[in-house]
Structure formats: C-alpha cells, structure tokens
Amino acid sequence: MTDGHHTLIDQIARGPHPFVIAEIGINHNGDEALAAQMIEATAAAGADCVKMQSFHVDEYLSPLAAKAAYQEQGPFAGKSQYEIIKACELDIAAMARLKRHAERLGLVFLSTPFERVSLREVLSLAPQAIKVSSCNLTNTPFLEELAASRIPVLLSTGMADLAEVARAVAIFKAAGTSLLLFQCTSNYPSKTENANLRVMDTYRAVFEVPVGFSDHTPDHVAAIAAVARGAVAIEKHFTLSRDLPGIDQKASIEPGQLTELVRVVRLTRAALGSPVKVRCGEEEDTTRALRRSLVALRDLPVGTRLAASDVAPKRPGTGLAVDQLDRFEGRQLTRPVAAHQPLQLDDFLL
C-alpha cells in the first residue's frame with residue numbers, strides 16, 4: 001500500500017497530461033474474454049487506466065429493486081435490475097487475471113467494489129487505488145471500512161448535494177486518505193448542460209483535493225471543458241461496440257472515440273500553457289513578416305541626420321522597432337539606406 005507523497009492520486013495530480021480512465025464497468029456482460037479484449041482496446045487507444053466493477057449482487061441489490069429509466073432498454077424491459085446485474089458478475093479470480101493482463105499492457109487497473117465483501121476482495125489484489133461509485137457515496141459503513149484501509153480513493157459524487165459530499169470527504173480526511181473527487185451526473189447518458197463543471201472549483205476550494213470529471217455525456221465537449229477548468233482525470237464508459245447487449249453500452253464510447261478523447265484532452269491541457277505571456281517560437285517568422293519597422297521613405301545617403309519625415313512604420317519587422325524613432329532621430333547614418341529598406345542598428349553612428 002502506498003502512502004506519503006507517492007500515491008496514484010499524487011501521480012495523477014502532478015502528471016503531464018489528464019489521466020484517462022476507460023470504464024468498462026459491466027459492458028463485458030460477465031464474459032472474461034470480452035473484458036480482456038476491451039482492456040486490449042483501452043491500451044491501444046492510449047488511455048492510462050482501465051476500470052471494472054466488482055460485486056456480489058446478493059450483497060447489495062434486493063430482487064425487488066426497481067429499475068432506473070435507462071435500464072428499461074429493449075431486451076431488458078422484461079428483466080429485473082437484479083437479473084440484469086447478476087448476469088454481469090465476474091469473480092475475484094477473473095479480476096486478478098484481468099488485472100495482470102492490463103498491467104502487462106502498461107495500464108493502471110482499478111475495480112469499483114459495490115459492497116463490503118467485494119471491497120475486501122478488491123483490496124486483496126493490492127490495487128493502486130479504489131474508485132468509489134456515486135451510488136456508495138452515502139454508504140457510511142462501506143466508506144468507513146474503505147477509509148480504514150488507508151488506500152487512495154477516487155470518489156464520484158453523482159446524485160449528491162454538497163452536504164453529502166462533505167460527510168463522505170470527512171470520513172476519508174479523518175483517516176488521512178489520499179483523495180480525488182469526481183464531479184459526476186448520474187444518468188446514462190447525461191445531458192452536457194447538466195455537467196455542472198464549476199462544482200470542481202467548489203471541491204478544490206472547500207476540500208483542498210485534486211478533482212476530475214466522470215463523464216456520462218454523449219460527446220467530448222464536457223471533458224474538454226473539464227480539463228480546461230482543472231480536471232486532472234477524466235473517466236468515460238467504454239465498450240467495443242454500442243451494439244453489444246447491455247444496459248450501459250449506449251452510454252459508452254467506442255475505441256475510435258476513446259482514442260480521440262485521449263488526443264483532445266491532452267491537447268486541451270497543452271493549450272492551457274503558462275500564465276506568463278511571451279512570444280512563442282512558432283511566431284518568430286510571423287513577427288518578421290507582419291510587425292512594423294522604421295522603413296526609409298527615400299534614399300538616405302551617408303551622413304544623413306535622421307528625421308521623422310525620413311521614415312514610416314511599415315512591414316517587415318526585421319529592422320528598428322517603431323518605438324525606437326525617438327532614440328535615433330537626429331543621429332547620423334554611417335552607411336546609405338535605400339528607399340523601402342528597414343533601418344538597422346548598424347546604420348547609425350552611436
């Protein structure tokens with residue numbers, strides 16, 4: 001277990017680019033081989049991390065639990081939430097194999113436990129962190145047991161108000177847990193206009209933790225805006241094909257879209273640059289071509305004492321700067337300057 005200043009969350013917060021998590025979740029439909037293929041596609045797309053979900057359905061879901069609207073899809077309309085989720089279980093041995101597979105491909109492997117039995121199983125795999133689903137944000141016994149482990153926590157905050165988030169954060173702060181908070185809107189998919197990205201500003205100010213965005217929107221607009229607003233991690237549901245069966249497939253992105261997500265959020269971070277205003281290297285050629293210099297309006301022979309009427313501010317920008325006229329007015333030329341030529345420092349007797 002990591003502690004001090006070298007946790008996964010510290011690495012994410014200080015990393016050179018946003019940390020992209022591909023959330024496979026239950027999109028594998030209980031098929032370990034399909035999950036392995038999804039992990040391979042995650043690595044090929046250039047993401048940093050792949051995330052699964054670990055659960056024992058009987059430990060957290062009543063057979064009588066009603067479904068959310070997004071779970072009422074086509075072939076699932078006649079099935080209960082219990083039946084749908086039960087079909088997607090993978091045991092801890094499968095998770096261990098998938099973790100090894102992901103790490104061989106250079107990915108960070110995370111799995112979200114949904115109840116305390118699965119939490120203990122996932123902890124037995126020695127993960128670098130635990131990602132907590134929004135649905136467990138108010139599950140105090142679960143959070144307290146997780147906090148006692150002292151493992152770093154990535155905490156999603158969908159469906160919550162600030163008071164609920166504060167109570168969860170307090171549990172982890174009291175334990176000295178390294179924490180990252182995700183802004184999240186828990187619908188699948190959710191509307192871009194409900195992303196509420198300014199909440200990340202509140203989290204940073206109130207809780208003094210790094211922030212990320214768990215993105216359930218249909219495109220990359222909100223993720224780009226989140227990175228521009230300071231998100232150090234982006235999580236997005238991922239599948240090989242939205243045509244696969246499963247209640248989360250339609251709210252997931254496919255391999256080409258994951259590749260593009262990685263590209264655009266890295267470019268977004270790069271585009272933020274520095275708060276220091278300087279001319280960058282690629283502007284040098286443009287500066288020479290488009291800036292103004294002091295340009296001779298007529299042929300100026302040796303010995304001419306420069307007058308304001310002898311020059312005008314014209315392109316190119318390869319000569320004396322326009323704001324230097326006061327400095328050189330009245331000085332003698334040591335060599336002739338032809339009409340239309342920019343004046344140079346060496347043209348004058350200093």
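**Questions on a predicted model**

Visitor: How many disulfides does this predicted model contain, and what rule decides the count?

Guide: The count comes to zero disulfides, the rule being that two cysteine sulfur atoms must lie within 2.5 Å of each other.

Visitor: How do you know that Cys49 is in no disulfide?

Guide: The nearest cysteine sulfur to Cys49 belongs to Cys184 and is 16 Å away. A disulfide requires the sulfur atoms to be within 2.5 Å, and Cys49 is therefore in no disulfide.

Visitor: Why is Cys49 called buried, and why is Cys280 called partly exposed?

Guide: The relative accessible area of Cys49 is 0%. Buried means under 20%, so Cys49 is buried. Cys280 has a relative accessibility of 34%, and a value between 20% and 50% is what partly exposed denotes; Cys280 therefore counts as partly exposed.

Visitor: What makes strand E3 largely enclosed by the rest of the structure?

Guide: Six of the six residues of E3, which spans residues 108-113, are buried, so the strand is largely enclosed. Both of its faces are covered: Val108, Leu110 and Thr112 are buried on one side, and Phe109, Ser111 and Pro113 on the other.

Visitor: How do you know that E2 and E3 pair, and in which sense?

Guide: Pairing requires at least two bridges between the strands. E2 (residues 49-54) and E3 are joined over six bridges, in the parallel sense; by that criterion they are therefore paired. Within this pairing, Lys51 stands opposite Leu110 of E3.

Visitor: In what order do the strands of the sheet stand, and what makes E3 and E4 its edges?

Guide: Eight strands form an open sheet in the order E3-E2-E1-E8-E7-E6-E5-E4, with parallel pairing. E3 and E4 each have a single partner strand, so one side of each is left without a neighbour in the sheet. On average, neighbouring strands of this sheet are turned by 25 degrees against each other, direction ignored.

Visitor: What makes E5 and E6 a pair?

Guide: Four bridges join E5 (residues 153-156) to E6 (residues 179-184), and the two run parallel. The criterion is at least two bridges, so these strands qualify as a pair. Ser156 has Phe182 in E6 as its bridge partner.

Visitor: How does helix H6 stand to the sheet?

Guide: H6 packs on the sheet and touches E2, E3 and E4, its direction making about 160 degrees with that of E3.

Visitor: Which residues of H6 are buried, and how do you know that they line one face?

Guide: In H6 (residues 116-123), the buried residues are Ser118, Leu119 and Val122. Viewed down the helix axis, the buried residues fall within an arc of 105 degrees, so they line one face of H6. In general, an α-helix has 3.6 residues a turn, so residues three or four places apart point the same way. The cover over the buried residues of H6 includes E2, helix H5 (92-104), E3, strand E4 (130-132) and helix H7 (140-148).

Visitor: What makes Glu115 a cap of H6?

Guide: A side-chain oxygen of Glu115 lies 3.1 Å from the backbone nitrogen of Val117, and Glu115 thereby caps the N-terminal end of the helix. A polar contact needs such atoms within 3.5 Å, so the distance of 3.1 Å meets the cut-off.

Visitor: Why is His237 called buried, and why is His340 called exposed?

Guide: His237, found in strand E8 (residues 233-237), has a relative accessible area of 6%. This value is under the 20% cut-off, so His237 is buried. Beyond its neighbours within four places in sequence, its contacts include Glu23, Tyr188, Asp215 and Asp248. His340, in the segment after helix H13 (325-328), has a relative accessible area of 60%. Exposed means over 50%, so His340 is exposed. Leaving out residues up to four places away in sequence, His340 touches Val295 and Ala296.

Visitor: Where does Ala126 lie, and why is Ala126 called exposed?

Guide: Ala126 lies in the loop between H6 and E4. Its relative accessible area is 59%, which is over 50%, so Ala126 is exposed. Its phi is near 55 degrees, a positive value in a residue other than glycine.

Visitor: Which residues does the cis peptide bond with omega of about 5 degrees join?

Guide: That cis peptide bond joins Tyr188 and Pro189. Pro189 lies in the loop between E6 and helix H9 (199-207).

Technical notes:
Residues numbered from 1 in each chain as written. Predicted model: local features only at pLDDT ≥ 70, side-chain atom pairs only at ≥ 80, totals over all residues. Heavy atoms only, no water. Buried < 20%, exposed > 50% of the residue type's maximum accessible area, 1.4 Å probe, protein only. Arc of directions from axis to C-beta. Contact = heavy atoms within 4.5 Å. Polar contact = N/O pair within 3.5 Å; in protein donor to acceptor, adjacent residues only side chain to side chain. Axes fitted to C-alpha atoms, helices over the stretch in contact; angles between N-to-C directions.
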